Every structure is written in structure tokens, then in C-alpha cells.
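Please look over the sequence and the model shown below before reading on. The report then follows the packing of helices, the domains and the spaces inside the protein.

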Amino acid sequence: MAENRVLYQFPISHYCEKVRWILDRKGLVYRERNLLPGPHRLFTRARSGVNTLPVLRDGKRLVGDSTRIAYYLEKYYPDMPLLPDAPDARQQVIELEQQFDRYGTHVRRWLYGQLLGRSNVMKVFYGPYRLPALVQRVLEPVTEKGVARLYRISPESIAHSWQRLQEGLSLIESRIKGDPAAFLVGQQLTLADIAAASLYAPLLIPQGTPWDAMNEEEMPALLREQIAALRARPAGQWVMRRYAMDRRVRVP
Ligand SMILES: N[C@@H](CCC(=O)N[C@@H](CS)C(=O)NCC(=O)O)C(=O)O
């Protein structure tokens, strides 16, 4: 029941998007609870032993970390399976999911590196919280500084993350062999596809996702060009295709 299933999240977090996608794919009803960054750790630490969101409450169980949540859901809600039965394919999915989880940190760092201090990203971050305007105005610069510190954003780390995220895009392209309709493993959607597509989505900004609230016109010109280039390459088209075909974005 929806009341018993709660996703604790930052709406803009792509790891939270990954879990929303899995829940939606499996047709599981849930409520979303947006925690404030910083104080969220009081909750996550005590309840699920992690620092990060997403955390899922399912009845009495609390599970932290998107990968653990994915395996938990696969175990208890096996309908619409996201892990193939065949051992070889299953192993490939497991490995790809882990790889894309790592690339997700580089997507995040690179993108925040482009946006912090130069865009309305903090407004987009806090938009879904519907905070009083004054509270939001106080929190935005604090969060901005916190994000820069937490994700160790510096010119060197941004450049490194750009290289790493390119590797992830190449990995998608090596799997799909130029066909944006292809799945990463086998003939149907798996956890590998959901991980790759959701963790790269902030760079592609598919319609109906939280990043859609970004005003692209207000982004730095170079970033706009880079996003356009990403959308043009096969991996970018693949992400958009996965969203169009396989992601039922919930209308709030
Ligand atoms: N490995 C974790 C990563 C999640 C993660 O990095 N979440 C970020 C938001 S995108 C977070 O909660 N950051 C706040 C913090 O570290 O305190 C997962 O897959 O769930």
C-alpha cells in the first residue's frame, strides 16, 4: 500500500530517479518524501546506515542505496523482472549496473561543476519542496556551498569527471552498436538500462524529469553546446529513447 511504501529522496538526484523508475516499472505504488540536504543524514544514518538518499521504506523495512534497493525490490517483487535468469546475462547486468553507478558520480560532479554559481540549479533543486520563499533564499547558497564541498568540485576534478563520463557514454555505444533502440543486455529492459539511462539523464534532460525545470536558455553557452552534442551522439539518443519507450514518468 502507498502509505507503507515511502521513497525518501532529493527529487533532483539521479540515484533517486533510478529507484523511482524501478518502482514505476514494477507498478509499485509509493509516496515520495523530500528530505532537506544536510539534515537528511540524521534520518538516513540512524535508519538505514547510509549517508545518502535514496532510502526506501517498505512496510517495516528500510533500505538505503539505490543498488541495494534494486536488489531488494527484485527479491520481494519479482514481477517485471529487471535481472535476467540466464547466468551470463545476469552477470553482465550486475556488472554494468555497478559501472554506471560509478559513472553517475562523474555525471553529477561535471554537471554541478558547470551549473553552480552560474544557473538556477538551486531553484530547480528546491522547487518541489515548496518552501517559503525566504527559507529557500537562505538555503540555496548554503546548499550550493555544501554540494561543491561534498562532491569535491574543482577545475581538476571537473575535467577528470568529463573524461570518465565520456567513458560511460562509449560503453553504452559499444553495447548498442549504433542502434538507439537496443537494450544493453539481451532483448528487454534490465537494471543495467535503468541505471545507465537514469544516471545520464541529467545531461540529456528528458521531458517530464526533474531536470526539465532547468531553463536551458539561461545555461552557460558552452554547456548548452555540450548538451546539444550529447543529444546528437548515439548514447544520448539511446538515453532519450529509453525514456520515451520505457519510462512512465508519473504525473504528480
Ligand atoms: N551509492 C548511492 C549514491 C547515492 C548518492 O550519492 N546520493 C546523493 C544524492 S545524488 C546524496 O544523498 N548525497 C548527500 C550526501 O552524501 O550526504 C546510491 O546508489 O544510492
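## Helices, domains and spaces

The axes of helix H1 (residues 14-25) and helix H4 (residues 87-115) come within 10 Å and cross at roughly 140 degrees, where axes are lines fitted to C-alpha atoms, for helices over the stretch in contact, and angles run from 0 to 180 degrees between N-to-C directions. H1 and H4 are therefore oblique to each other, since angles under 35 degrees count as roughly parallel, over 145 as roughly antiparallel, 65 to 115 as roughly perpendicular and the rest as oblique. On the H1 side the contact (heavy atoms within 4.5 Å) is made by His14, Tyr15 and Lys18, and on the H4 side by Glu97, Asp101, Gly104, Thr105, Val107 and Arg108. Helices are DSSP runs of H or I with at least four residues, numbered from the N terminus.

This is a predicted model, in which local features need pLDDT of at least 70 and side-chain atom pairs count only at pLDDT 80 or more, while totals for chains, interfaces and linings use all residues. Residues are numbered from 1 along each chain as its sequence is written, and side-chain values use heavy atoms, with hydrogens and water left out.

The domain assignment, which is automatic or from a database, gives domain 1 (2-76) and domain 2 (87-246). Their centres, taken over C-alpha atoms, are separated by 19 Å, and 22 residues of domain 1 are in contact with 32 residues of domain 2.

The largest pocket has a volume of about 820 Å³, and of the 38 residues that line it, the closest to its centre are Phe10, Arg108, Tyr112, Leu150 and Tyr151. Because both domain 1 and domain 2 give residues to its lining, the largest pocket lies between them. The structure also holds one cavity of 30 Å³ or more, with about 40 Å³ of space in the largest cavity. Helix H3 (residues 66-76) gives the most to the lining of this largest cavity, with three residues.

On a 1 Å grid over the protein atoms alone, a cavity is a set of points where a 1.4 Å probe fits but cannot get out, a pocket is an open set with protein on both sides within 12 Å along at least five of seven lines, and lining residues have an atom within 4 Å of a point. Grid points are joined across faces, edges and corners, and a volume is the space filled by probe spheres set on the points.

The table sorts residues by class, with Ala, Val, Leu, Ile, Met, Phe, Trp, Tyr, Cys and Pro as nonpolar, Asp, Glu, Lys and Arg as charged, and the others, Gly among them, as polar.

| Group | Nonpolar | Polar | Charged |
|---|---|---|---|
| Contact of H1 with H4 | two residues | three residues | four residues |
| Lining of the largest pocket | 25 residues | nine residues | four residues |
| Lining of the largest cavity | six residues | no residues | one residue |

Notes:
Helices (H or I, at least four residues) and strands (E, at least two) are DSSP runs, numbered from the N terminus.
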